[in-house]
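Student: I am new to this structure. Can you take me through it step by step?
Tutor: Gladly. Ask how each label is earned.

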Number of protein chains: 2
Amino acid sequence: MSTQIRIALDAMGGDHGPSVVIPGAAKALERRPEMEFLLVGDEARIAPLLAQHPALKARSTILHTNVSVSMDEKPSQALRRTRRASSMWMALDAVKTGRADVAISAGNTGALMAMATICLRTMAGIDRPALACMWPTARGRSIVLDVGATIGADAQHYVDLAMMGSAMARIVLGVARPTVGLLNVGVEEIKGIEEVKAAGRMLREANHPALQYQGFVEGDDIGKGTVDVVVTEGFTGNIALKTAEGTAKQLGEVLRGAMSAGLMSKIGYLFARGAFRTLRDKMDPRNVNGAVFLGLDGVVIKSHGGTDALGFSNAIGIGFDTVRHQLLGQIRESLAQSDDGRIAVTAGMDARA
Amino acid sequence: MSTQIRIALDAMGGDHGPSVVIPGAAKALERRPEMEFLLVGDEARIAPLLAQHPALKARSTILHTNVSVSMDEKPSQALRRTRRASSMWMALDAVKTGRADVAISAGNTGALMAMATICLRTMAGIDRPALACMWPTARGRSIVLDVGATIGADAQHYVDLAMMGSAMARIVLGVARPTVGLLNVGVEEIKGIEEVKAAGRMLREANHPALQYQGFVEGDDIGKGTVDVVVTEGFTGNIALKTAEGTAKQLGEVLRGAMSAGLMSKIGYLFARGAFRTLRDKMDPRNVNGAVFLGLDGVVIKSHGGTDALGFSNAIGIGFDTVRHQLLGQIRESLAQSDDGRIAVTAGMDARA
């Protein structure tokens with residue numbers, strides 16, 4: 001890693017492509033000047049936008065390609081059609097070949113996941129990658145993973161998720177020994193699926209120095225911020241995340257509707273504008289934009305496809321922090337602290353039997 | 001069924017027992033006078049409360065027992081310790097023996113589920129029960145199931161859930177041919193787990209007259225009200241439900257905090273009190289209290305354990321509607337409309353192979 005953090009951006013990714021990616025990079029650079037950019041995509045579309053941001057232009061190189069992955073393309077098709085050629089692949093390849101420290105894309109999640117896994121491969125000791133997001137809570141923020149990279153998990157994969165999520169929490173939340181909970185349908189030991197229960201036993205017995213295992217947590221514990229790291233597999237995690245996003249959006253609309261119905265409400269709204277601004281900021285999904293692919297031999301950040309420049313700049317910020325604090329090294333170190341990179345081998349074999 | 005609907009209440013269930021159950025029943029009776037009650041539990045605690053509600057008393061019989069299931073007891077232990085003797089079991093048994101049309105409990109969910117399955121058994125053609133809840137949406141209300149009765153599902157079980165949920169939607173939502181979606185991690189056909197995909201093929205091919213299958217839906221579609229019936233298995237459904245409840249609670253607290261910070265906000269709150277009351281009503285979980293156990297040979301309603309009399313009265317209302325509109329008969333009829341009670345047997349066998 002150079003003293004500058006080198007960021008490869010899939011400039012064509014997301015619903016808006018370069019018109020969000022370029023101003024997003026400019027915003028990110030204002031806050032963290034120790035960055036340089038590799039902008040991967042259609043030069044004819046990137047260059048005019050870059051001309052509007054001289055500070056960014058001075059720190060950017062354009063890597064041209066006409067090929068990009070569309071948002072609704074099947075991952076398998078995207079791979080066949082655009083491997084080696086698309087802006088998404090080339091951004092990942094820049095990480096693989098050492099030209100960049102991190103790749104960031106707002107593109108097609110499935111395609112990014114498939115390409116990142118093939119291009120960068122999983123790190124030693126990890127079978128399958130995970131997607132970790134930051135979740136705003138009553139106490140601040142928590143890390144929730146996996147929110148959609150891998151469907152299903154055996155006990156060992158849950159333990160791997162706990163280790164990787166804790167490493168991320170140390171960096172992003174600044175907690176030395178993060179608290180970890182396994183998402184389940186009840187707090188009593190008897191409940192839930194076998195793999196989750198086995199993972200709970202393994203984490204409890206291991207008493208690993210990198211994390212404090214707190215037991216099972218339920219869906220409502222996520223928003224409470226009961227633990228720093230909430231561990232689940234990708235199917236349930238993705239549904240929990242989107243359900244929460246949907247609920248927040250729905251309540252926002254109900255609130256807007258209520259505040260604009262009738263004169264008294266409108267007057268009340270005028271007086272309380274400051275309060276509503278605070279509320280909007282706290283609920284703003286852009287502030288937590290940027291999910292991290294964990295378990296790969298390289299840092300890859302997924303931005304929400306529909307975000308704007310501010311949201312995209314936050315995804316870049318996550319990428320910056322992840323590289324600066326050497327997330328991959330921390331994960332490798334956590335894994336190495338257990339016998340041959342695995343927690344509680346006896347319990348693990350039991351759980352896998 | 002008599003012209004009166006006979007309701008057996010587990011008077012000892014929930015965090016508050018008779019002090020919520022009895023006034024809850026009184027409230028329910030005010031709205032729907034065609035009810036009579038079997039109040040199961042400790043007569044010494046029930047009778048004094050009942051004396052305060054003469055109209056209810058006139059329509060109630062007390063069935064005394066000193067035994068009750070505690071809220072944190074393991075289902076297996078509750079069964080061993082209190083089978084045949086507890087207020088929960090005896091309320092269920094009243095349905096089994098035809099003394100009541102519906103049993104309602106705010107008690108321990110796992111114990112209620114275990115006892116109901118053993119006492120009433122599943123209906124012909126259904127292997128495992130499900131718990132269906134009403135979910136407030138931007139468009140009104142939807143039915144979501146399973147929210148925690150059965151962990152995991154094969155393709156046929158998803159199809160059964162779709163049939164049972166549609167029967168409930170016809171009654172509770174008053175929709176002749178409800179729209180149904182399978183909860184998944186993406187709308188593209190390629191995504192998600194095998195069982196969900198197989199169930200999707202079965203539902204599409206069957207084109208059943210009792211429901212309109214709309215394909216996959218994602219977590220944020222629940223709150224949007226994209227479909228009348230959202231189908232998922234109990235692990236994911238329980239986590240989605242609790243995550244949404246947690247998010248709503250968290251946002252409510254943020255809103256309260258914002259509105260009480262600073263003089264301007266407080267003045268604004270005073271003007272907009274009406275709007276906040278509307279908002280509170282729309283967000284009030286008591287209005288959708290009362291989940292229905294589906295797939296049993298008898299009607300059982302689960303009330304939230306922490307609800308108050310108003311919330312409990314709504315659970316009674318759900319029980320009343322369920323019996324009056326003959327939910328069980330409707331489910332049986334839906335199942336009978338398919339070959340031997342199963343949708344698309346060929347596709348089903350394929351999915352089970």
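Student: What distance separates the centres of domain 1 and domain 2 of chain A?
Tutor: The centres, taken over C-alpha atoms, are 28 Å apart. Keep in mind that this is a predicted model.

Student: Which residues belong to each domain of chain A?
Tutor: The domain assignment gives 1-120 to domain 1. Domain 2 takes 130-287 + 326-353.

Student: What is the strand order of the sheet in chain A?
Tutor: The order is β3-β2-β1-β4-β11-β10-β5-β6-β9-β7-β8. These eleven strands form an open sheet with mixed pairing.

Student: What makes β3 and β8 of chain A edge strands?
Tutor: Each of them pairs on one side only. β3 covers 60-64 and β8 covers 212-217. Between neighbouring strands of this sheet, the average turn is 25°, direction ignored.

Student: How do you know that β1 and β4 of chain A pair?
Tutor: Count the bridges. Pairing needs at least two bridges, and β1 (residues 5-10) and β4 (residues 102-105) of chain A have three. The two strands therefore count as paired, and their sense is parallel. One residue to look for is Ala8(A), whose bridge partner in β4(A) is Ala103(A).

Student: Where does helix α1 of chain A lie?
Tutor: Helix α1 (residues 18-31) lies across β1 and β2 of chain A. Its angle to β2(A) is about 175°. Angles over 145 degrees count as roughly antiparallel, so α1(A) is roughly antiparallel to β2(A).

Student: What is the strand order of the sheet in chain B?
Tutor: In chain B the order reads β3-β2-β1-β4-β11-β10-β5-β6-β9-β7-β8. The sheet is open, has eleven strands and shows mixed pairing.

Student: Why is one side of β3 and of β8 of chain B left without a neighbour in the sheet?
Tutor: Each has a single partner strand, so one side stays free of a neighbour in the sheet.

Student: How many bridges join β1 and β2 of chain B?
Tutor: Six, and the two strands run parallel. Asp10(B) stands opposite Val40(B) in β2(B).

Student: Why are α1 and α2 of chain B called oblique to each other?
Tutor: Their axes cross at roughly 40°. Roughly parallel would need an angle under 35 degrees, and roughly perpendicular needs 65 to 115. The angle fits neither class, so the two helices are oblique. Their axes come within 10 Å, and the crossing is right-handed. Pro18(B), Ser19(B) and Ile22(B) of α1(B) meet Arg45(B), Ile46(B), Leu49(B) and Leu50(B) of α2(B). By class, that contact has five nonpolar residues, one polar and one charged.

Student: How many residues of chain B are in contact with chain A?
Tutor: There are 52, and they touch 52 residues of chain A. The largest share of the chain B side, 20 residues, comes from α10(B). By class, that side has 27 nonpolar, 16 polar and nine charged residues.

Student: What makes α12(A) and α10(B) roughly antiparallel?
Tutor: The two helices pack at an angle of about 150°, with axes 8 Å apart. The cut-off is over 145 degrees. The angle passes it, so the pair is roughly antiparallel. The crossing is right-handed. Residues in the contact include Leu279(A) of α12(A) and Leu255(B) of α10(B). The contact residues divide into eight nonpolar, one polar and one charged.

Methods:
Residues are numbered from 1 along each chain as its sequence is written. Chains are lettered from A and ligands numbered from 1 in the order in which they are written. This is a predicted model: local features need pLDDT of at least 70, side-chain atom pairs count only at pLDDT 80 or more; totals for chains, interfaces and linings use all residues. Helices (H or I, at least four residues) and strands (E, at least two) are DSSP runs, numbered from the N terminus. Axes are lines fitted to C-alpha atoms, for helices over the stretch in contact, and angles run from 0 to 180 degrees between N-to-C directions. Two residues are in contact if their C-beta atoms, placed from the backbone, lie within 7 Å. Ala, Val, Leu, Ile, Met, Phe, Trp, Tyr, Cys and Pro count as nonpolar, Asp, Glu, Lys and Arg as charged, and the others, Gly among them, as polar. A crossing is left-handed if the near helix is turned anticlockwise from the far one by less than a right angle, and right-handed if clockwise. Domain bounds come from an automatic or database domain assignment.
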